[in-house]
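Here are my notes on this one, in the order I'd walk through it with the viewer open. Nothing fancy, just numbered points.

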Amino acid sequence: MVQNNAFSLLHERLRKVIERFGYKEPTVVQREVIPIVLRGYSVLVSAPTGSGKTEAAFFPVMSKILEERLTGIRALYITPLRSLNRDIFHRLTQIGDSVGVSISLRHGDSSEREKQEFLRNPPAIAIMTPETFYLMLSVKKFQQNIKYLEYIIIDEVHELLSSKRGVELSLALERVEALYSTKKIKIIALSATLNRPYDVARYIMGYRAFKVVDLRHLMKNYNIRVKMPRTQGSSSTEIDDRAKFIASIVRGTYGKVLIFTNTRDTAEVLGALLRKELGDIVRVHHGSLSKDERIRGENEFREGNVKALVATSSLELGIDIGEVNLVIQYMSPRQALKLAQRVGRASHRVGLVSRGIIVTSNNVFDILESAIIAARTMRGNIENLYIHENALDALIHQLVGLVIEQGEIEVTRAYNIITRSKFYENLDFDTFNQLIQIGETVGILRIRDNKMRQGPRSKSYYYSTTMITETKQYIVIDISSGSKIGVLDEEFVATLDKGDMFVLAGRIWEVVDISNDSVKVVPKRDSEKLFPPAWEGELIPVENGVAREVGSVLRRILANKSVLNSYPLDVESKRYVTEKISNYLSRIGVLPNDKNIVVEHYGDIVIIYSFLGSRANKALEYLLANYISQVEGYNPATASTPYIVVVKFSSIKPSTYVKTMLEGITKLNNDEVYRLVVDAVKKSKLFDWTLFRVALRSGAVNRNIKDQSMLKRILVRLRDTILGEEALREIFVRKIDLVKLQEFIDELRRGKKRLKIVKLRNASPLTEDAINEARFSDRVVAQQLPSTLIAEAVKRRLSKKEVTLICLMCGNSYRARIENLPDKPSCPRCGSRLLYPAKSQEEEKEVRRLLVKRTRKGKLKREEIRKLQNIYEKADIVLNYGRKGAEALMWIGVGPATARRVLQKIVFGEEAFYRALIEAEINYHKYKHKIEKKK
């Protein structure tokens, strides 16, 4: 029987203090959890945001600490974020001080003085991130301080367990109990949003006896609506319309508004547009901003000086930003789990309704996906977590930590400690041995007499490595305008080569150069690949259940249009969806859905409406690509979204071929499907990039390696090792859903899904939306640039450049902007038009040095003679072509020969001239490595 007032079970001193702080009656969560913790059980708590979970964990732990009066750190509070809810932390610290239970923070940003004080006078309860926790285990004083450690509270456990951070944390917990604490560790895991909490608990609890307090039935009350702004006219872009719509919501909302986007660059663009509409009451918050800038935004929002805060996932968790009245999600949140966390930030207290609005694009798939996710969130239908079992990079990192702490440890003992973790209970000893052999090969372990010891690189590797993926970002620069288009993460850049095309900021770009920190591109009006991949950045996958329900809505809407009334859609959204479907049916006659697999076929392209979700459709894409490769002997271009898979053949195919191809995959058994998908994944750039990250986290690759050819050789050697298997396993967790793919093939085989192939000349109305979903996601949608505007952008870019013109006759020089030069510039001193255009001060100094040396009849070296000839050639171009000659020579990658070729285009007009300059830069980036090698 659960105590009605669980506070009565607490230590008397604590009871009196918490009452003074306003805790009169326990919440439902506190009534359930406090008795369980006091009885000595580990417990996982799944309960709504704002239900009092933190206090439910802290109060019984404080009570036990007061009863036992032991020294040192008695409890650890592990949080995935350094920034805690400051309000709760401040209150708990005050309560702790009042009863004599010290609480303090320890993280990577702590000062040296704070670190020393932490070790000299350890608090009773220490708060830290997982990374700080396991790195502290190598400190002898800390090992002594946790002798009586008994409780480990893990906040936001769902955030940790779906990544390798959670895997490594589980190993660190087993190390503590096996080697340092004399107490039996109890784990109190807290989560606001969890599906199947018992299964999740088994991973974090390991072998321990535990209880699950599942209070999802108390579900946080959500009121979420889906709205599509009206288009304001041809002169307005969609993002302008959405920004104005959001601004009107902010103006009409009493209190503060938190606006979530799915990517950082979208947050920046939307923030800028909202500031234009609303003034200085808007701030932006994301992981790429400096810590000071983020904290400033949090403080201004909390204090009410800022009304609207545009954020990414950086504000999903428990950072204290004060009261939020409304949450706006900019386009689909992709998962109910994400939306629940985000909208849950509004009205953050028990019993209050959290209000949210999803502002969608003019896109059937974005609208339906958003509506379904909103409905699932309000029903409490949350996605399952991804679980990384037997992650070898996390394992070897913990093994190195183990030998640093212990000096040496028997291999079998280390294996026994590791396999106490649920994540590694099925790890076979042979794989374990292979891993430590790799550790010895790369110098982070030494194996002698069946014992593991430190290698020469142990400490440098261990202290510089975490399972947090440190994603390097590349600036994307449009060379036609010189402007920054956005940013790409390293994972996507790793898949690109020169000449590849991708979509960013709503437009198609061709890669012309990739450097250490930037990707140079040019806009493309058309693409040989109909659907170049879009950069999705931090976007998470849409799961099978959501995609399948989108298909189900499309099926049910045929029988009953009022089915849309079951979802929280506004009138404008419903109108758009029904009109789009009517247009499609009038043209095609059959609507793709979860039962009808419609395949649109035009020429060399097929669009397969499969509704499998991001991960299963990616698996289908890989399968089809490899199947066609085996049959035809070439690799087709492919792409996928949660709803469609696109295949582009090398030539026009008849519909009978398409039907035969799809029927062919239904004849494959599960083993054959697996082998084809694995083979395709291993040939992909995704595999190479993932293997690189695994190798980095495992110490097999040095993060400072500069020799790219050496790096490639190392990765080739690792492909067929267990680290290659780990890369493959990670991809199958994060990117591939093989089970749903095999179910799909089985349903096709048994006729549970009907296949309908329609031959068309152009993409259907519905497919246009599917294409845009693939290309744009929540990216900034803009119109394609016609060639006239591209030329205008180049002209504007050049007009602002400054040039120093050096007269080769009298030596005079003057500086001017290109736009201020006359058509035929001349020396203001002597009137000569033989002028050399210098781009920099260094170049000007070199030209003067050579001219002086020649005038004084100094002996010129062969290289200096060549440079002088080049100087006179450039001056001759300015003499003959005037300002246009200077423009050409100021452009990147243009020398005298190229300049003359480009300037010949002037006879066809300015547009042709500026287009030729872009082509010249593309060619320069394409061949510059060969040119530099010759030099």
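1. Start with helix H32, residues 841–855: it lies across strands S27, S28 and S29. Its direction is at about 145° to S29. Keep in mind throughout that this is a predicted model.

2. The three strands under discussion form an open sheet in the order S28-S27-S29, and the pairing is antiparallel. S28 (813–817) and S29 (835–838) are the edge strands, each with pairing on one side only. Ignoring direction, neighbouring strands in this sheet are turned by 30° against each other on average.

3. For the register between S27 (residues 802–807) and S29, look for four bridges in the antiparallel sense. A handy anchor is threonine 804, whose bridge partner in S29 is alanine 838.

4. Now a step back to the whole protein. The secondary structure comes to 36 helices and 29 strands. Of the 935 residues, 58% are buried. If you take the contacts with a separation of 6 or more, 73% of them are between residues 24 or more positions apart.

5. Next, strand S12 (residues 326–330). Is it buried or exposed? Five of its five residues are buried, so S12 is largely enclosed by the rest of the structure. Both faces are covered: Leu326, Ile328 and Tyr330 are buried on one side, and Val327 and Gln329 are buried on the other.

6. What does S12 pair with? Strand S9 (residues 257–260) is joined to S12 by four bridges, and the two run parallel. Here leucine 258 has valine 327 of S12 as its bridge partner. Strand S13 (residues 353–359) is also joined to S12 by four bridges, again running parallel. In that pairing, isoleucine 328 stands opposite isoleucine 357 of S13. As background, strands in a sheet pair through backbone hydrogen bonds, either parallel or antiparallel.

7. On to a helix pair. Two packed helices are described by the angle between their axes and the distance between the axes. For H15 (residues 364–379) and H21 (residues 544–559), the axes come within 9 Å and cross at roughly 115°. The two are therefore roughly perpendicular to each other, and their crossing is right-handed.

8. Which residues make that contact? From H15 you get Phe365, Leu368, Glu369, Ile372, Ile373, Arg376 and Arg379, while H21 brings Gly545, Val546, Glu549, Val550, Val553 and Leu554. By type, the residues of the contact divide into eight nonpolar, one polar and four charged.

9. Have a look at arginine 376 while you're in helix H15. Its relative accessibility is 12%, so arginine 376 counts as buried, the cut-off being under 20%. Leaving out neighbours within four places in sequence, arginine 376 is in contact with Ala336, Asn381, Gly545, Val546 and Glu549. Of these partners, Gly545, Val546 and Glu549 are also in the list of H21 residues that touch H15.

10. One last spot check: valine 646, in strand S25 (residues 644–648). Valine 646 is buried, with a relative accessible area of 6%. Try the C-alpha to C-alpha distance to leucine 624, which is 22 residues apart from valine 646 in sequence: you should get 9.7 Å.

Terms used
Residues numbered from 1 in each chain as written. Predicted model: local features only at pLDDT ≥ 70, side-chain atom pairs only at ≥ 80, totals over all residues. Heavy atoms only, no water. Axes fitted to C-alpha atoms, helices over the stretch in contact; angles between N-to-C directions. Parallel < 35°, antiparallel > 145°, perpendicular 65-115°, else oblique. Left-handed = near helix turned anticlockwise from the far one by under 90°. Contact = heavy atoms within 4.5 Å. Nonpolar A, V, L, I, M, F, W, Y, C, P; charged D, E, K, R; others polar. Buried < 20%, exposed > 50% of the residue type's maximum accessible area, 1.4 Å probe, protein only. Pairing = 2+ DSSP bridges.
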